[in-house]
Amino acid sequence: DEEYESHSFYQYRKARRWLECAKALVFVGTSFAVGVTEHALLGAAERSLPSFSFNIVPESATQAHEAGGELGGARQHAPPMHHIVGCCEVTLPKL
């Protein structure tokens with residue numbers, strides 16, 4: 001398997017720096033099924049960052065992922081994920 005840092009064009013180091021400076025996390029249209037979202041959620045849990053998930057599927061689809069996976073119980077100690085359901089062109093401007 002390749003790592004995010006194995007290719008410079010992924011710009012993962014830049015993403016990590018942004019995550020280290022973040023005051024909140026906003027996820028748009030993700031299933032949380034890739035490593036970068038796992039890393040971001042772990043950072044949010046460690047730093048108690050508020051997190052927002054904008055998606056067109058109800059929150060129950062992403063809540064199931066939050067309960068397990070590599071995160072273990074980390075999300076249980078983090079602020080809640082705020083799920084905003086609807087078309088992003090309508091919901092994102094309200095952020």
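This passage looks at a nonpolar core and at two residues, T30 and R47, in a predicted model.

The core comes first. The largest nonpolar core holds 9 residues, namely A22, L25, F27, F32, A40, L41, A44, L49 and M81. Both β1 and α2 put in at least two residues each, and α2 has the largest share of this core, with 3 residues. L25 is one of the core residues. Setting aside residues up to four places away in sequence, L25 touches L19, A40, A44, L49, P50, S51 and F52. Of these partners, A40, A44 and L49 are also listed in the core.

Next up is T30, which sits in the loop between β1 (25–28) and α2 (35–47). With a relative accessible area of 15%, T30 falls under the 20% cut-off and therefore counts as buried. A polar atom of the T30 side chain lies 3.0 Å from the backbone nitrogen of F32, and F32 is itself part of the largest nonpolar core.

R47 belongs to helix α2. Its relative accessible area is 38%, so R47 is classed as partly exposed, in between the 20% and 50% limits. Leaving out residues up to four places away in sequence, R47 touches L19, E20, C21 and A22. For E20, the residue lies 27 places from R47 along the chain, and the two C-alpha atoms are separated by 9.2 Å. With L19 there is a polar link as well: the R47 side chain reaches the L19 backbone oxygen at 2.7 Å. L19 also turns up among the contacts of L25, while A22, another residue touched by R47, is a member of the largest nonpolar core.

How values were computed. Residues are numbered from 1 along each chain as its sequence is written. This is a predicted model: local features need pLDDT of at least 70, side-chain atom pairs count only at pLDDT 80 or more; totals for chains, interfaces and linings use all residues. Side-chain values use heavy atoms; hydrogens and water are left out. Helices (H or I, at least four residues) and strands (E, at least two) are DSSP runs, numbered from the N terminus. Buried means under 20% relative accessible area, exposed over 50%, partly exposed in between (1.4 Å probe, protein chains only). A polar contact is a pair of N or O atoms within 3.5 Å; within protein, one must be able to donate a hydrogen and the other to accept it, and residues adjacent in sequence count only if both atoms are side-chain atoms. Contact means heavy atoms within 4.5 Å. A nonpolar core is a set of buried Ala, Val, Leu, Ile, Met, Phe, Trp, Tyr and Cys residues joined through side-chain atoms within 4.5 Å.
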